[in-house]
Amino acid sequence: MTNTPSPTDATTYLENLVRAGQDATKQFNDALALAMGVHGEEKPSSASPFFPVALIADLQREYFKQLWRLWNSMFLQMFAGGAHSSVALAQGDKRFKDASWREQPYYDLLKQSYLLGSRQLHEFVDRAQVDDKTKLQLRFYARQFIDAMSPSNFPATNPEVIRKAIETRSVSLTDGMKNLIDDLHKGRITRVDESAFEVGRNLATTPGSVIFENELIQLIQYAPHTNEVQQTPLLVVPPCINKYYLLDLGTGNSLVEYAVAQGHHVFLISWRSAIPEIGHLTWDDYLEMGPLKAIDVVLEITGAERIHALGFCVGGTILSCAAAVLAARQQDKLATLTLLTTMLDFSDTGEIGLLIDQGSVALREAAIGEGGILPGKELAFTFGTLRANDLIWRYVVDSYLKGATPDAFDLLYWDSDSVSLPGPMYCWYTRNTYLENNIKERGKTTQCGVPVDLSKVKVPLYVLASREDHIVPWKSAYGSKDLIGIDARFVLAASGHVAGVINPPARNKRSHWLNNELVSDPNSWLEKAEERSGSWWPDWDAWMKRHSSGIRPAPTQPGNAQYQTIEPAPGRYVKQKSN
């Protein structure tokens with residue numbers, strides 16, 4: 001009668017078996033490497049020629065080495081109680097949070113194999129002998145492929161999807177198909193419970209009146225909350241690629257509401273989503289019919305000599321160009337300029353710049369450069385690809401594979417409420433910013449009939465950037481201090497493009513950094529900056545009031561004899577859907 005081997009004997013036997021296999025694999029790898037011109041662990045000298053075949057062989061050898069280690073650990077885990085394999089997840093990766101991905105060997109193997117293959121593809125791109133921009137583009141597209149091929153995105157290889165289907169007797173799969181069909185009709189992925197929100201009911205609720213409109217904008221004047229207001233009014237220019245109510249999400253979560261409560265006399269531009277009737281509008285039209293016209297209306301209504309002007313994202317770029325046009329015309333209409341997460345120098349545009357090249361811009365110019373519309377859903381999808389796991393695949397899994405109803409989230413509702421743009425305006429913008437970076441060059445562009453030089457704008461400047469911004473890198477925003485304005489103040493907010501800006505003080509969340517010494521190097525600025533908890537809004541409010549011209553009694557009625565109320569805020573334009 002044979003004795004049953006002890007666990008220790010089994011472990012020793014398996015380890016010896018694995019070691020023998022590893023030795024055999026090493027001999028094969030060494031022979032393959034010798035044939036391909038790769039010499040073990042030795043690094044080739046800088047004078048050695050580059051052999052693509054040798055590089056691929058080297059990477060493939062390393063991949064099979066890691067794959068063998070993975071099988072080794074899985075084998076020991078299943079039969080001898082060994083430790084789990086450990087190809088590390090990226091920080092913040094929530095795709096594999098379910099316990100099955102760790103505790104069930106089949107799913108653990110799927111996950112680890114996927115992560116190992118992903119790492120090999122990243123390494124292959126990193127070692128490609130191409131220029132820096134091409135390498136960045138390769139990294140971006142490699143990540144799109146890697147994200148799409150995750151085993152969590154397929155029903156047969158996602159344990160949560162299978163469990164949900166069993167628990168609901170396949171109702172989850174049926175509901176998922178219904179969600180998919182609905183989204184096919186919409187032409188976009190539904191990421192939020194859209195029935196939970198309505199602009200004017202629980203979004204964009206700060207009281208005000210539309211007191212001017214043209215075919216491109218409506219101008220809102222907000223009702224004062226205080227008996228007195230600042231003598232110098234404030235004009236807010238939101239991005240034209242999104243709806244303005246990001247700045248007025250709702251009670252307690254609104255920069256507009258906060259500014260009004262602090263005694264500022266606030267006006268705001270509400271951009272119209274492009275329709276065929278305005279598909280011919282150009283960049284110059286956006287300046288003339290947008291901020292330049294709005295500035296004149298605000299001055300006429302208030303009687304002020306100058307205004308404060310605030311621009312956010314693309315709205316900041318538009319506002320800066322409008323300010324330069326005023327300077328070229330020798331018109332002194334601005335008291336200060338505030339730029340929130342705005343780029344003026346497009347040398348480093350982050351990943352979004354990788355999607356814009358000569359070919360893509362030329363194609364757009366041929367299609368819509370003389371007239372036409374860039375649909376908002378195309379812009380929204382482009383921005384979604386920058387964070388595909390969070391903004392695309394997460395909702396594919398939850399909605400289509402699990403049949404779940406999206407949550408009610410105001411920021412996601414706003415993000416899904418996209419805006420279309422006129423083709424001529426969009427084409428001029430992309431060519432002169434992301435592609436050729438002309439705006440920052442003195443006199444390089446002619447806008448509204450005058451050569452534009454940002455350095456001619458001589459007003460106090462407040463610049464806010466967000467440290468984790470993936471759309472406007474904070475170091476690019478930092479450089480605006482050298483391009484426009486005087487006596488600049490730079491503030492760095494925690495978090496990303498949106499959350500860094502929308503941070504009400506009452507919530508006491510996040511933090512921001514301050515340093516009055518604006519040195520040339522942004523890293524050196526940050527090293528000596530003081531981190532302060534909470535919102536940057538009070539700092540901006542105090543800065544604005546230092547540059548104001550006193551206070552006056554709050555107006556009792558909106559507009560004046562020439563500019564009377566057209567309709568209550570938020571107006572018609574913001575409610576028009578492009579998708």
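**Close-up 1. Glu-213 faces Gln-218 across a strand pair in this predicted model.** Gln-218 belongs to strand S2. S1 and S2 (residues 217-222) run antiparallel and share five bridges. Three residues separate S1 from S2, and the two strands form a hairpin.

**Close-up 2. Strand S1 also pairs with strand S17.** S17 covers residues 567-568. The pairing is antiparallel, over two bridges. Here Ser-209 stands opposite Pro-568 of S17. S1 itself spans residues 208-213, and five of its six residues are buried, so the rest of the structure largely encloses this strand.

**Close-up 3. Helix H4 has the span expected from its residue count.** H4 comprises 22 residues, 105-126. At 1.5 Å a residue, the helix should span 32 Å. Its end C-alpha atoms lie 31 Å apart, which agrees. Buried residues of H4 include Tyr-107, Asp-108, Lys-111, Gln-112, Tyr-114, Leu-115 and Leu-116. Ser-118, Gln-120 and Val-125 are also among them.

**Close-up 4. Cys-240 is buried and its sulfur is too far from Cys-313 for a bond.** The relative accessible area of Cys-240 is 1%. Its closest cysteine sulfur, in Cys-313, is 8.8 Å away. A disulfide requires sulfur atoms within 2.5 Å.

**Close-up 5. Cys-448 is likewise buried, with its sulfur too far from Cys-321 for a bond.** Relative accessibility of Cys-448 is 12%. The closest cysteine sulfur, in Cys-321, lies 9.0 Å from that of Cys-448. Across the whole structure, the search finds zero disulfides.

Note on methods: Residues numbered from 1 in each chain as written. Predicted model: local features only at pLDDT ≥ 70, side-chain atom pairs only at ≥ 80, totals over all residues. Heavy atoms only, no water. Buried < 20%, exposed > 50% of the residue type's maximum accessible area, 1.4 Å probe, protein only. Helix = DSSP H or I, 4+ residues; strand = E, 2+ residues; numbered from the N terminus. Expected span 1.5 Å × (residues − 1). Pairing = 2+ DSSP bridges.
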